[in-house]
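Could you walk me through this structure in the viewer, one selection at a time? I would like to know what to pick next and what is there.

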Amino acid sequence: MSSIVIVGLNHRTAPVEVRERLAFPADSIGRALRGLVELEEIAEGIILSTCNRVEVCVLAGGDSYKGVTAVKEYLASYHGIPGDELNGFLYHYDGEAAVKHLFRVSSSLDSMVLGEPQILGQVKDAYGFAAEFRTVGPILDKFYTKAFSVAKRVRTETKVASSAVSVSYAAVELAKKIFGSLKDKTVMLIGAGEMCELAARHLLSAGVKGIMVTNRTFERAVKLAEEFNGTPVRFDELGTHLKTADIILSSTGAPHFILKKEDVEEVIRIRKNRPMFFIDMAVPRDIDPDANQIDNVYVYDIDDLNNVIETNLEERQKEAARAEEIVAGEVRSFFRWLESQQVTPTIVMLRRKFEEVKNAEVAKAIAMLGAEDPKTKKVVESLASAILNKVLHPPITALKKDVDGRDVTELVATVRELFDLPENGGNQPPAPDPQNEKEGG
Amino acid sequence: MHIALLKVTTAFYLVGALLYLYFIVTLKEKSAKLGRMFLIIGVVLHAIGFVGRYFAAGYTPITNLFESLSFFAMSIVAVFLVTELRYKLRILGSFIAPLAFAFSIFSAFQSGDVARLAPALNSYWLPIHVMLLFIGDAVFAVAFGAGIMYLLQEKEVKRKRLGAIFKRLPSLDVLDEINYRCLTVGFPLLTLGIITGSIWAEYAWGSYWSWDPKETWSLITWLLYAALLHGRLTVGWRGRKAAILAIVGFCAILFTFLGVNLLLPGLHSYTSLSG
């Protein structure tokens, strides 16, 4: 019997040194996928490789345990790492747990930053590669399509991804609430700090018009301005340029405020009260926090921004419970579909087997009777059919019945064993004659 | 027939307002869209009722408290619908629709009977003077709503705790722009309304200006908005200050319209509660 298996590691189970060794670069992923499905145990395969996780999802042909072992061995041999060295870092899921895992991953419930939006795109890319290299078949295709729609439901029906949870995103979100459109806004970057540069980058991609860069060492400003395609400004000319800046990002090493409340009051007067948003990432602070009291001036320091994202994170955590409920419901309904994929071919084979026996016995009986009378032939045939249908009715009904917590795989295996059905008949087309499915008379 | 029509619009405004309130809580777009549909149907029925009453009564029905409150509610809804269309700002409805409903229900509790028109009101100045003022006032009602939204959002950003309000209300910039736009539309209407009233007063009462309480309060209102416009254009008053003035200005409008009628007797006492 085939089952879905996921083997992988993520930021929680493995340090970056291990993750980077197991990563599959995009340019060689085709080779990795092909090699994967060439394995005897594996029918379909998809590889997800991001900086936080590497996961191989396969449809294993036989026992799921064999599938897990095959994937683990493949991961080790592909990357040339001894298998037992990897074992402690790898986790694996099969059956319903695998379904749940992928749904949670795509919905960003398993991410380092809960609700972060990139993961869904990465899962979609992984699926895209597998589709491109034809290593995805009907089951994984349905599985991933479902995962995307679950992720969409989680995103639209809960607030798990609704508010910024990084300092630079929070800064952009705030800027948008203050200025509306950022299209005609100018950013002033004072000093050079990693966080400020990141925020500047986010603001640029949010569409600000221009950026000015100033630094105590002018050369540094020139270099940074080049990087941002902005204008360098000499530090002692900051005062004259400040009035043209709408958003000010500051992180200098100055031991005292470089902009006092009076300075800001002066600038805002010259600007005729056009709003200014100061983002002060420096410790000790660059901008007098009291400037926040001035109308149309907003001053956020690093703690303020951290508080904002902390509140947002708490809200996400609350929303995550609702998201998990959505996922749980979807897992059940998908798994039911998956089970029906095993049950249908078994029923078909079971029926075909009995039909063969019946046809042979009927032919034998008619030969023995030697009757040319069409009526006799008809009676024998309908007798055989009636017995067949009545005998088969209870097991087929039992197979089709939907019972929670029932292990369908085991049941199907039992039926196959009892009636000596072939192991690999699963891919044959379903019953050709729908009439046969009905209870006959 | 027209009385029933005018009063039934109150129900539409109520449902519209409730749907917009439901929207601000749940953020379900569908609710806001449905709310807007109710307001549109309400305002269309309202206009039909207004025209119907015009023909039934033989004068423009803006002479007593029932009629003027009703017309004011209709104007607010109409101005809101235009603003919403222009700024794609559904959430504004959560503030304006309840306001329009309040005037509408106030009107619905007044007697809707058609009375004989006071001779002094029998003039073609009546529709011009009163409609200019009410439409202007409705524009200021939208500025009032935007002003409240501005103050709420500004407080949220200033105190740095970004909660439900922060997420629901639009940017400070767009709220300030609505404030300004309403001022540039409302102020000329208000000015023309007062000028036409003054000309009419010369015809009717023989004097352009007689410091009757309504005239005095109109002037106070006008001065408030004139100050806001002046401040905006010269020294760049905006944001919080402009929002507060828009709120104060609308309170002055309400007092001029209702307070003066109910509390201060004068020449303009056509719309007292008994009327």
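Here is a short tour, starting with one whole chain and ending with a single helix of the other. Please keep in mind that this is a predicted model.

**Stop 1: chain B as a whole**

Select chain B and colour by secondary structure. You should find 9 helices and 0 strands, so to speak an unbroken α-α-α-α-α-α-α-α-α from the N terminus on. Its radius of gyration is 19 Å, close to the 19 Å that the globule rule gives for 275 residues, so chain B is as compact as a globular protein of that length. If you align the view to the principal axes, the C-alpha atoms fill a box of roughly 60 × 45 × 30 Å. Of the 275 residues in chain B, 44% are buried. For a contact map, take the contacts between residues at least 6 apart in sequence: 79% of these in chain B join residues at least 24 apart.

**Stop 2: the nonpolar cores**

Next, select A:Leu249, B:Ile76 and B:Ala100. These are the residues with the most contacts inside the largest nonpolar core, which has 119 residues. H5(B) gives the most to this core, contributing 16 residues. Now zoom in on B:Ile76. Setting aside neighbours within four places in sequence, its contacts are B:Ile96, B:Leu99, B:Ala100, B:Phe103, B:Ala138 and B:Ala141. There is also a second, separate core of 60 residues; to find it, select A:Ala32, A:Ala126, A:Tyr144 and A:Val327, which are included in it.

**Stop 3: a tyrosine in chain B**

Move on to B:Tyr225, in helix H8 (residues 213-235) of chain B. Is B:Tyr225 buried or exposed? It counts as buried because it has 25 C-beta neighbours inside 10 Å, where 20 or more are needed. Beyond its neighbours within four places in sequence, B:Tyr225 is in contact with B:Leu183, B:Phe187, B:Leu190 and B:Gly249. For a distance label, try B:Tyr225 to B:His129: the two are 96 residues apart in sequence and 19 Å apart in space, C-alpha to C-alpha.

**Stop 4: helix H7 of chain B**

Select residues 172-204 of chain B, which form helix H7. At 1.5 Å a residue, its 33 residues should span 48 Å, and the end C-alpha atoms are 46 Å apart, which agrees. Just after H7(B), click on B:Gly206, which takes a positive phi of about 80°.

**Stop 5: where the chains touch**

Show both chains and select the contact between them: 17 residues come from chain B and 19 residues from chain A. On the chain B side, helix H5 (125-159), helix H6 (164-168), helix H7 (172-204) and helix H9 (239-263) each supply at least two residues. Colour that side by class and you get 7 nonpolar, 3 polar and 7 charged residues.

**Stop 6: helix H5 of chain A**

Finish with residues 95-106 of chain A, helix H5. With 1.5 Å a residue, its 12 residues should span 16 Å; the end C-alpha atoms are 17 Å apart, which agrees. How many of the 12 residues of H5(A) are buried? The count is 9, so to say the helix is mostly covered. Among the buried ones are A:Leu102, A:Phe103 and A:Val105, along with A:Lys100 and A:Arg104. To see what covers them, add elements of chain A including strand E1 (3-10), strand E3 (53-60), helix H6 (118-132) and helix H13 (302-369). Your last click is A:Ser108, which follows H5(A) and has a positive phi, near 65°.

Methods
Residues numbered from 1 in each chain as written. Chains lettered and ligands numbered in written order. Predicted model: local features only at pLDDT ≥ 70, side-chain atom pairs only at ≥ 80, totals over all residues. Helix = DSSP H or I, 4+ residues; strand = E, 2+ residues; numbered from the N terminus. Expected span 1.5 Å × (residues − 1). Contact = placed C-beta atoms within 7 Å. Nonpolar A, V, L, I, M, F, W, Y, C, P; charged D, E, K, R; others polar. Core = buried A, V, L, I, M, F, W, Y, C linked by C-beta atoms within 7 Å. Rg over C-alpha atoms; globule rule 2.2 N^0.38 Å.
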